[in-house]
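User: I should like to understand the reasoning behind the description of one interface. Please set each value against its criterion.

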Amino acid sequence: MKTNPGRFFEDYRLGETIRHATPRTVTTGDVALYTALYGPRFAVQSSDAFAQALGYPKSPLDDLLTFHVVFGKTVPDISLNALANLGYAEGGFRRPVYPGETLSTVSEVIGLKESSNRQTGVVYVRSTGSDAEGETVLSYCRWVLVRKRDPEAAIAEEHVPSFAKVVDPADLAGALPPLDVSAYDLDLAGSPHRFSDYAVGEKIDHVDGMTVEEAEHQIATRLYQNTAKVHFDALSGKETRFGRRLIYGGHVISLARALSFNGLANAFALAGINAGRHVAPLFAGDTVYAWSEVLDTAETGRGDVGLLRLRTVATKNQPCAAHPGREGDGYHPSVILDLDYWAFMPK
Amino acid sequence: MKTNPGRFFEDYRLGETIRHATPRTVTTGDVALYTALYGPRFAVQSSDAFAQALGYPKSPLDDLLTFHVVFGKTVPDISLNALANLGYAEGGFRRPVYPGETLSTVSEVIGLKESSNRQTGVVYVRSTGSDAEGETVLSYCRWVLVRKRDPEAAIAEEHVPSFAKVVDPADLAGALPPLDVSAYDLDLAGSPHRFSDYAVGEKIDHVDGMTVEEAEHQIATRLYQNTAKVHFDALSGKETRFGRRLIYGGHVISLARALSFNGLANAFALAGINAGRHVAPLFAGDTVYAWSEVLDTAETGRGDVGLLRLRTVATKNQPCAAHPGREGDGYHPSVILDLDYWAFMPK
Amino acid sequence: MKTNPGRFFEDYRLGETIRHATPRTVTTGDVALYTALYGPRFAVQSSDAFAQALGYPKSPLDDLLTFHVVFGKTVPDISLNALANLGYAEGGFRRPVYPGETLSTVSEVIGLKESSNRQTGVVYVRSTGSDAEGETVLSYCRWVLVRKRDPEAAIAEEHVPSFAKVVDPADLAGALPPLDVSAYDLDLAGSPHRFSDYAVGEKIDHVDGMTVEEAEHQIATRLYQNTAKVHFDALSGKETRFGRRLIYGGHVISLARALSFNGLANAFALAGINAGRHVAPLFAGDTVYAWSEVLDTAETGRGDVGLLRLRTVATKNQPCAAHPGREGDGYHPSVILDLDYWAFMPK
């Protein structure tokens, strides 16, 4: 069998390491496409001159472009037969990534839990993206619900890992080079609000909306070399419970992050992902909105930047002035993403 | 309030200078996207080898890519609450821009005129795009109709600027480096027609048509970091008088310019914009056609190139063999753009 | 007449050479777009580090990106008035092409055959793509059915060329630099199957499907500066026998090649095109699938790589588990492409 059928739940072994295919050199071409697909306006990632004034060698990639490239490689080995992408935890961006660098990904199977009906199981992995020299640039945990090939197949060893509810800010402080924030030009950055201007509990409606087209999410998802057929095959999509193509969840994360510029323009770099959940699917033709809440702030021993712990919620076809979010045990029906993360902001 | 609500008419002051956010390093990635979105075939912008033979260090950006990047930055401060983009004048491209350069934009408020109903007013700005060292690469005037927040608000000082009907060719001659036009290969350029082959009054139907998709104009407009919600939010678009998303007017300019290659292949660089008007809106699914008229020709004291003053008219869903344009006080119903500009052509 | 009406059949002369317009510098921006449009995952073209370990200076372009750029230039001179693209033969990729190189194309008219009804004729050309120094990077033959302007026009000289059924592998062996295949990492490449693992007669269903959107094929076709109006003008498309825009045949070739990664991941470079036929048209909204058959294998005197002769068949709206292909004198109604080519694979 020359084609990859994808792994089924019983094919994973606890502790196993999987080297994923297709290393990827990221370029300014990828950066242009990322800008064109989401419209981010963070000055550090947009202007070499702005980045250099702060102390970067040049503009780094948007952290989520790095995330998607690292994530995309895991799909053929982890989620080709997945029924659902259940969550993220313990994500850390270790250093900026620059155009010209080559990224590859390795995943360790850190948990396995068969479902009670034995039809499926949850696979927990820690995926690590590295540069060509093997230095880690990003690591995160993800768990997915995967089909079993044979419901009767026995599972050698099961384990449910526990994750930190919040990534320790002290572990994230080294992700940026030392920055000369006196050169951080607030006019050019697009907002007068610095770290000290944000208060725990503050909620921000990001106001703008973005309607998604089939061509856009397909172009994005292929850019990341993410091969999950649910995103690309409308014919087989007709046979699914959704009856159509499903948009890659990471596309929603990037849309929400780009929309969040309007209110969080100076949260210019991601530091860590505490928790993330794709609450509901997004389809072409839907319009995405977002709002954020400041969950916490943290000093990191750095004089240049602080960390904001943010929760960004994305909705579909529902503006966010009323901050739609959790309702009882579930969510407001418009909610599609609930993401809890740390971001750097200049002091 | 952390989000940008946009300025209303009474928020502007005559003579005020606005430094716009998000400087932008343009790259060969942007160039590839620009080519993919419009299909321009001008040899100077397409081939480093062709450009270098003439005396350029490498291929410059398409002048309209520069225009859109410079323009996009002004949107959050100038046209977020605009009802209409009324016109352009006194545009000048000061020098070629190359991949790797960083562009930013400053606007000066040069005119303010409240409408008689006091609900709106016209804001006139001169916007100047500069490189990282502050050297001007492009400047142009634009006026937009902007809502008032409060119809009763008083306007401190009003002024209606007057614009030159035509940019003086002598002011544009320095926009190109000295070129060795003996190296300008007409086969590779795609047309045997030089400067002297065009006569005032000549009309050219550019023949080809281009149908626009929602994904295409959204990808383009985000590439320029233009944030006007009318282009992106189909849900709120339903509540507008058009009932749908509106295509960025600059997208039409670029389509018309790319279509104009067929008949004006050697008009390889823009020099100035005399006047421009978006006569009617364009929507996804419409097909754009264009025709041009030679309004004037000018010598500039250069032996290598001359200037053609061109009027390019774009239509929707109407081929241009009959040159649809002004009719009585208005326009043929198919007309969407009427642009009057200077372009360089080899002698 | 300043616009290009395209040539009609009686405008060609046997033996004539046509220098096509618009040389093109290919960049990493084009590479990013190519990845985003088709989703190829071949490691050599994706990772500079992977390519360099083998002995390449950096990642070469996907060979089909080179093909499309070389092909696109021929359209204004060869196929603007074409009714059908009939076939390809004797294609050879002469060396890898790298970002930063400038490509241009020359075609020689090698055959002319008027149709019996005198309304049309077949034009046969050999098109050669070269770098800025004039070194050939690709050549191939193509024949198209072209309208006559005047059915009564006489044809000076006719000739029907004969083509090799298969390109001699010995002529293709030099297309790659010597490679250190001990550095070819099968995990990173995405498949454990080397040259010796493929047997003549083996058939591989590539499983995955890709639905095509109007925006996608238009973006791709403009990227290649291919100007054939049938791909872009929906309004005039309504008057054609298809009633709509037609997708560029090369778009199908690239989709099929990208899909073929799943089963042929190590067939990392194209060497030659033996024969190709666009069996039926593709339209937006259709879903493309593909399968391949190993027609032959060839040693080339190189210790590092061998050549597989592959036939890849693409279908629309029909998965390929049953290998739909020729049926009687024709094809299964789902078939849109039948391509016979040589590809390199590490030993």
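Analyst: This is a predicted model. In it, C:Arg222 and B:Glu216 form a salt bridge, their closest N and O atoms lying 3.0 Å apart.

User: What makes the pair C:Arg222 and B:Glu216 a salt bridge?

Analyst: The criterion asks for a side-chain nitrogen of Lys or Arg within 4 Å of a carboxyl oxygen of Asp or Glu. The closest N and O atoms of C:Arg222 and B:Glu216 are 3.0 Å apart, so the pair satisfies the rule. Between chain B and chain C the count is 5 salt bridges. On the chain B side, helix α1 (residues 28-38) gives the largest share of the residues touching chain C, namely 8 residues. By class, that side of chain B comprises 20 nonpolar, 16 polar and 9 charged residues.

User: How much area do chain B and chain C bury between them, and which three residues of chain B supply the most?

Analyst: The two chains bury about 3,000 Å², with 56% of it on carbon and sulfur atoms. B:Ala36, B:Arg41 and B:Leu188 supply 19% of the area that chain B buries against chain C, more than any other three residues.

User: Why are chain B and chain C said to be related as by a three-fold rotation axis?

Analyst: A turn of 120 degrees with a shift of 0.0 Å along the axis lays chain B on chain C with an RMSD of 0.0 Å. The two copies are therefore related as by a three-fold rotation axis. In chain B, the C-alpha of B:Gly29 is nearest the axis, 2.2 Å from it.

User: Why is it said that the copies meet through different surfaces?

Analyst: Of the interface residues of chain B, only 11% are also interface residues in chain C, so the surfaces are different. The contact takes 45 residues from chain B and 33 residues from chain C.

Definitions and conventions:
Residues numbered from 1 in each chain as written. Chains lettered and ligands numbered in written order. Predicted model: local features only at pLDDT ≥ 70, side-chain atom pairs only at ≥ 80, totals over all residues. Heavy atoms only, no water. Contact = heavy atoms within 4.5 Å. Buried area = accessible area lost by both parts, 1.4 Å probe. Helix = DSSP H or I, 4+ residues; strand = E, 2+ residues; numbered from the N terminus. Nonpolar A, V, L, I, M, F, W, Y, C, P; charged D, E, K, R; others polar. Least-squares fit on C-alpha atoms with pLDDT ≥ 70 in both.
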